[in-house]
Amino acid sequence: MPLRQEMETDRFAATAEDGSVHAVVELTSFIQMVTFRGPAGWVPEDKSYRLDNGDAVEQTPDGGFRIAGSGLVLRRSV
């Protein structure tokens with residue numbers, strides 16, 4: 001069974017439609033690839049997002065984000 005690991009790969013501010021600012025954490029899931037000669041290294045798989053307080057965040061098709069529990073739409077701050 002392959003080894004998996006999840007790591008924080010980005011953290012950024014995002015502004016909600018109500019003007020509030022939230023810290024969004026990007027997590028990347030990595031899988032360790034193995035060859036007959038041994039481990040070949042970690043390869044990124046999926047990305048997921050959450051607020052820094054742990055609330056789930058979904059990425060929207062237009063590049064924005066939505067807080068899963070409240071439905072509040074976020075845009076990455078510049």
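This report describes a predicted model of one protein, from its overall form down to single residues.

## Overall form

The protein has six strands and zero helices. Read from the N terminus, its elements run β-β-β-β-β-β. The radius of gyration is 16 Å, while the globule rule gives 12 Å for 78 residues, so the protein is more spread out than a compact globule. The C-alpha trace spans about 55 × 25 × 25 Å along its principal axes.

## Surface, burial and charge

Of the 78 residues, 28% count as buried. The exposed surface comes to about 5400 Å². Carbon and sulfur atoms supply 53% of that surface.

Now the contacts with a separation of 6 or more. Residues 24 or more positions apart make up 36% of them. As for charge, the protein carries 8 positive and 12 negative charges. The mean positions of the two sets lie 7 Å apart.

## Strand 1 and its two partners

Strand 1 covers residues 4-16, and strand 2 covers residues 21-35. The two run antiparallel and are joined by eleven bridges. Two pairs of residues show how they line up. F12 has V24 of strand 2 as its bridge partner. E8 stands opposite L27, also in strand 2. The hairpin of strand 1 and strand 2 has four residues between the strands. In this hairpin, G19 takes a positive phi near 95°.

Strand 1 also pairs with strand 6, which spans residues 73-76. This pairing is antiparallel too, and it has three bridges. Here T15 stands opposite R75 of strand 6.

## R11 in strand 1

R11 belongs to strand 1. Its relative accessibility is 45%, so R11 counts as partly exposed. Setting aside residues up to four places away in sequence, R11 touches V24, V25 and D52. One of these, V24, is the bridge partner of F12. R11 and A23 are twelve residues apart along the chain. Their C-alpha atoms are separated by 6.8 Å.

## S29 in strand 2

S29 sits in strand 2. Its relative accessible area is 15%, below the 20% cut-off, so S29 is buried. Leaving out residues up to four places away in sequence, S29 touches Q5, E6, V43, P44, E45 and D46. Q5 and E6 fall within residues 4-16, the range of strand 1. V43, P44, E45 and D46 fall within residues 38-51, the range of strand 3. S29 therefore touches residues of both strand 1 and strand 3.

## K47 in strand 3

K47 has its place in strand 3, residues 38-51. With a relative accessible area of 49%, K47 is partly exposed. The cut-off for exposed is over 50%, so a value of 49% does not reach it.

Beyond its neighbours within four places in sequence, K47 is in contact with T9, E26, L27 and T28. Among them, L27 is the residue that E8 stands opposite. K47 and I31 are 16 residues apart along the chain, and their C-alpha atoms are separated by 12 Å.

## The loop between strands 5 and 6

Strand 5 covers residues 65-67. Two residues of the loop between strand 5 and strand 6 are described here: A68 and S70.

A68 has a relative accessible area of 38% and is partly exposed. Not counting residues up to four places away in sequence, A68 touches A56, V57 and E58. V57 is eleven residues from A68 in sequence. In space the two are 5.4 Å apart, C-alpha to C-alpha.

S70 has 55% relative accessibility, so S70 counts as exposed. S70 and A13 are 57 residues apart along the chain. Their C-alpha atoms are separated by 18 Å.

## In short

The predicted model has six strands and zero helices. Strand 1 pairs with strand 2 over eleven bridges, and with strand 6 over three. S29 in strand 2 is buried, whereas S70 in the loop between strand 5 and strand 6 is exposed. R11, K47 and A68 are partly exposed.

Note on methods: Residues are numbered from 1 along each chain as its sequence is written. This is a predicted model: local features need pLDDT of at least 70, side-chain atom pairs count only at pLDDT 80 or more; totals for chains, interfaces and linings use all residues. Side-chain values use heavy atoms; hydrogens and water are left out. Two strands pair if DSSP finds at least two bridges between them. The radius of gyration is taken over C-alpha atoms; the globule rule is 2.2 Å times the number of residues to the power 0.38. Buried means under 20% relative accessible area, exposed over 50%, partly exposed in between (1.4 Å probe, protein chains only). Contact means heavy atoms within 4.5 Å. Accessible areas come from the Shrake-Rupley method with a 1.4 Å probe; for residues, only the protein chains shown count as cover. Lys and Arg count as positive and Asp and Glu as negative; His and the chain ends are not counted. The place of a charge is taken as NZ of Lys, CZ of Arg, CG of Asp or CD of Glu.
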